[in-house]
Amino acid sequence: MKILILGSSGLLGLNLALDAMSAHEVTGIDRGKLIKPPFANLKISLLDADSADQILKKTKPDWVINCAAMADIDTCEDHPELAKQLNTDMPEKFALACAEKNIRFVHISTDAVFDGNKGGFYTEEDEPSPINVYARTKLDGERAVLRANKEALVARVNFYGWSLSGRRSLAEFFFNNLSNNKSMSGFTDVLFCPTFVNHTGRLLLKMLKKKLTGLYNVVGEQTMSKYQFGVEVARKFNLKESEISPKSVLSSSLTARRSNNLSLSIHKLSTDLGKVIPSFSTGIDEFYTQFQQGYPQKMRSYQQA
Ligand SMILES: NC(=O)c1ccc[n+]([C@@H]2O[C@H](COP(=O)([O-])OP(=O)(O)OC[C@H]3O[C@@H](n4cnc5c(N)ncnc54)[C@H](OP(=O)(O)O)[C@@H]3O)[C@@H](O)[C@H]2O)c1
C-alpha cells in the first residue's frame with residue numbers, strides 16, 4: 001500500500017514510518033526536522049491553505065495516517081487558536097479531501113478527552129468531558145473527522161517509545177534522568193495504559209487491513225500510574241528506581257489541568273480485530289531491545305542539526 005504519514009518527525013509518525021516501510025511504500029510529511037530519513041519525506045506546513053488537496057494529488061496514497069498535532073498539553077493552553085487549527089481544522093480538511101478521493105483516513109486522538117471522574121476504563125460509548133484546550137481541540141477534531149468522512153478511523157491512544165529529539169516520551173524522561181543519576185518524581189495518582197509506540201503503529205495497520213472504521217480505543221490492556229511506569233522503566237534498564245519519588249499531581253506546577261484516570265477499555269478493539277493486544281511486558285521488552293540495538297541513536301541521525 002502507499003501510505004502517507006502526516007507528522008513523520010513525531011514520536012508516533014516516525015516510529016510508524018520506520019516500521020511500515022518494510023512492507024509498504026511510505027511517504028512522510030514534516031516541517032523540516034527530518035534529514036534523509038530512509039523513506040520519502042516532504043517538507044510542508046500542514047497549516048498552509050489548501051495543503052490537503054495538493055498533498056493528496058501529489059502523493060496519491062491509498063491510506064493517510066494523521067499523526068500530526070499540537071500534542072503538548074501546556075503549549076495548547078498557551079496557544080488555543082493554533083491548537084484548534086492543528087488539532088481540529090487540519091484533520092477535518094484531510095478527512096474531507098480523503099473522502100472525496102476514496103482514500104482511507106486514520107486520525108489519531110487521545111485518552112485525554114476524559115476528565116477521569118468516572119474512574120477509568122472508558123469505552124467508546126462514554127461521553128467525553130475535556131478539561132483543557134488540548135483535549136477540547138482533539139475531541140472537536142475527532143468529531144469533525146467522523147462527520148466529514150464516514151469511512152474514517154479515529155484512534156484514541158497513549159504511547160511511549162524512542163523519539164527524534166530523545167525527549168518526547170515519558171519513558172525517555174525516566175530513562176534520561178535515571179541514566180544521568182538525576183532524581184525525579186512520578187505521579188502516583190495519574191493512571192493510564194502505556195503502550196509501546198510500535199505496537200500502536202502495528203495495531204493501526206492491522207485495523208486498516210481489516211477495514212475497521214469509526215472510533216476505537218487503541219491502547220495496551222494494563223493500567224498503571226505514571227510513577228509505576230517509571231519504576232518499570234528503571235527495572236527494565238537496571239537503573240535505580242529509588243531515584244523516582246512518588247508524588248501527587250495535585251502538588252505539580254503544570255499549566256493545564258490533567259485528568260487523573262486515562263485508562264481505556266479495549267474490549268471493542270480486541271473483539272473487532274479478533275487478535276490479542278500485545279502485553280505491557282512485550283512492549284517494554286521491545287523498547288529495551290531497540291535500545292540495545294542502537295535504535296535511539298539511529299533515529300537521532302535523521303534529525304536536522
Ligand atoms: N505522545 C502520547 O503519548 C500521546 C498520547 C495521546 C495522544 N497522542 C496523539 O498522538 C498523535 C501523535 O503524537 P506524538 O506524541 O507523536 O506527537 P509529536 O511527537 O509532538 O509529533 C507531532 C508531529 O506533528 C507535526 N506538526 C506539528 N505542527 C505541524 C504543522 N504545522 N505542519 C506539519 N506538521 C506539523 C510535528 O512536526 P515538527 O517535528 O516539525 O514539530 C510532528 O511531526 C497526536 O495526535 C497526539 O495528540 C499522543
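For the tally that follows, Ala, Val, Leu, Ile, Met, Phe, Trp, Tyr, Cys and Pro count as nonpolar, Asp, Glu, Lys and Arg as charged, and the others, Gly among them, as polar. On that scheme, the shell around the ligand splits into twelve nonpolar, seven polar and six charged residues. Keep in mind that this is a predicted model. Besides the ligand's surroundings, there's an open sheet of seven strands to look at.

**Around the ligand**
- The ligand has 25 residues around it, and the closest are Gly7, Gly10, Arg31, Ala69 and Thr110.
- Helix H1 (11-20) and strand E5 (104-110) each put at least two residues into the shell.
- H1 gives the largest share of that shell, with three residues.

**The sheet**
- Reading across the open sheet, the strands run E3-E2-E1-E4-E5-E6-E11, and the pairing is parallel.
- Strand E3 (40-43) and strand E11 (214-217) are the edge strands, each with pairing on one side only.
- Going from one strand to the next, the twist averages 20°.

**A look at E5**
- E5, which also helps line the ligand's shell, pairs with strand E4 (residues 63-66) in the parallel sense, over four bridges.
- If you want a spot to zoom in on, Ile65 has Val106 in E5 as its bridge partner.
- Helix H5 (residues 133-148) lies across E5, strand E6 (153-157) and E11.
- Relative to E5, helix H5 runs at about 155°.

Key. Residues are numbered from 1 along each chain as its sequence is written. This is a predicted model: local features need pLDDT of at least 70, side-chain atom pairs count only at pLDDT 80 or more; totals for chains, interfaces and linings use all residues. A residue is near a molecule or strand if its C-beta atom, placed from the backbone, lies within 6 Å of it. Two strands pair if DSSP finds at least two bridges between them. Axes are lines fitted to C-alpha atoms, for helices over the stretch in contact, and angles run from 0 to 180 degrees between N-to-C directions. Two residues are in contact if their C-beta atoms, placed from the backbone, lie within 7 Å.
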